[in-house]
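Let's take a walk through this fold, following charge, burial and distance as we go. Have the viewer open and click along.

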Amino acid sequence: MLGKKITYNEEKVAIRKTAINQFATERFGNRAVRETQRFTSIPEEKNLDTSTISDIYEEKGVPLQ
């Protein structure tokens, strides 16, 4: 039998989820609206850079390793 052992820090994951949800709401609108739309056209200036997510994590004090 395999043991169930958590291999990640639950507090960091919670902070990261909150940070990404806040960022997406600010940038792309309400979550409920985003998830119910069938088609979305994102303007070029709202596209994500390659380091956007890692930068958000660093700002919140939970950088990627």
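Asp-49, Asp-55, Glu-58 and Glu-59 gather on the surface in a patch of negative charge. A patch here is built from residues with over 30% relative accessible area and no salt bridge, with like charges joined within 9 Å and nonpolar side chains (Val, Leu, Ile, Met, Phe, Trp, Tyr) within 5 Å. Each charge is placed at NZ of Lys, CZ of Arg, CG of Asp or CD of Glu, and the sign convention is Lys and Arg positive, Asp and Glu negative, with His and the chain ends not counted. The areas themselves come from Shrake-Rupley with a 1.4 Å probe, and for residues only the protein chains shown count as cover.

Before going on, keep in mind that this is a predicted model, where local features need pLDDT of at least 70 and side-chain atom pairs count only at pLDDT 80 or more, while totals for chains, interfaces and linings use all residues. Residues are numbered from 1 along each chain as its sequence is written, and side-chain values use heavy atoms, leaving out hydrogens and water.

Back to the patch: Glu-59 belongs to helix H3, residues 52-59. Helices are DSSP runs (H or I, at least four residues), as are strands (E, at least two), numbered from the N terminus. Glu-59 has a relative accessible area of 67%, so it is exposed; the scale is buried under 20%, exposed over 50% and partly exposed in between (1.4 Å probe, protein chains only).

Helix H3 also carries Ile-53, which has a part in another kind of patch. Phe-28, Ile-42, Leu-48 and Ile-53 form a nonpolar patch on the surface, with about 290 Å² of accessible area together. Ile-53 counts as partly exposed because its relative accessibility is 31%.

Now for the salt bridges, meaning a side-chain nitrogen of Lys or Arg within 4 Å of a carboxyl oxygen of Asp or Glu. How many does a search of the whole structure find? Just one: the side chains of Glu-35 and Arg-31 meet at 2.8 Å, N to O. The two are four residues apart in helix H2 (residues 31-36), so about one helical turn separates them. Glu-35 is exposed at 55% relative accessibility, whereas Arg-31 is partly exposed at 43%.

Arg-16, in helix H1, is a curious case. Arg-16 is buried yet has no salt bridge, and the nearest side chain of opposite charge, Glu-58, is 9.4 Å away. What lies 3.1 Å from a polar atom of the Arg-16 side chain? That would be the backbone oxygen of Val-62. For reference, a polar contact is a pair of N or O atoms within 3.5 Å; within protein, one must be able to donate a hydrogen and the other to accept it, and residues adjacent in sequence count only if both atoms are side-chain atoms.

Finally, some distances. Lys-46 sits in the loop between H2 and H3 and is partly exposed, at 33% relative accessibility. From Lys-46 to Arg-27 it is 19 residues along the chain and 7.1 Å between C-alpha atoms. Gly-29 and Glu-10 are also 19 residues apart in sequence, with 27 Å from C-alpha to C-alpha. Gly-29 lies in the loop between H1 and H2 and is partly exposed at 26%.

Lys-4 is in the segment before helix H1 (10-28), and at 87% relative accessibility it is exposed. The C-alpha atoms of Lys-4 and Lys-46 are separated by 40 Å, with their positions 42 residues apart along the chain. Ala-24, in helix H1, is buried with a relative accessible area of 14%. Ala-24 and Lys-60 are 36 residues apart in sequence and 15 Å apart, C-alpha to C-alpha.
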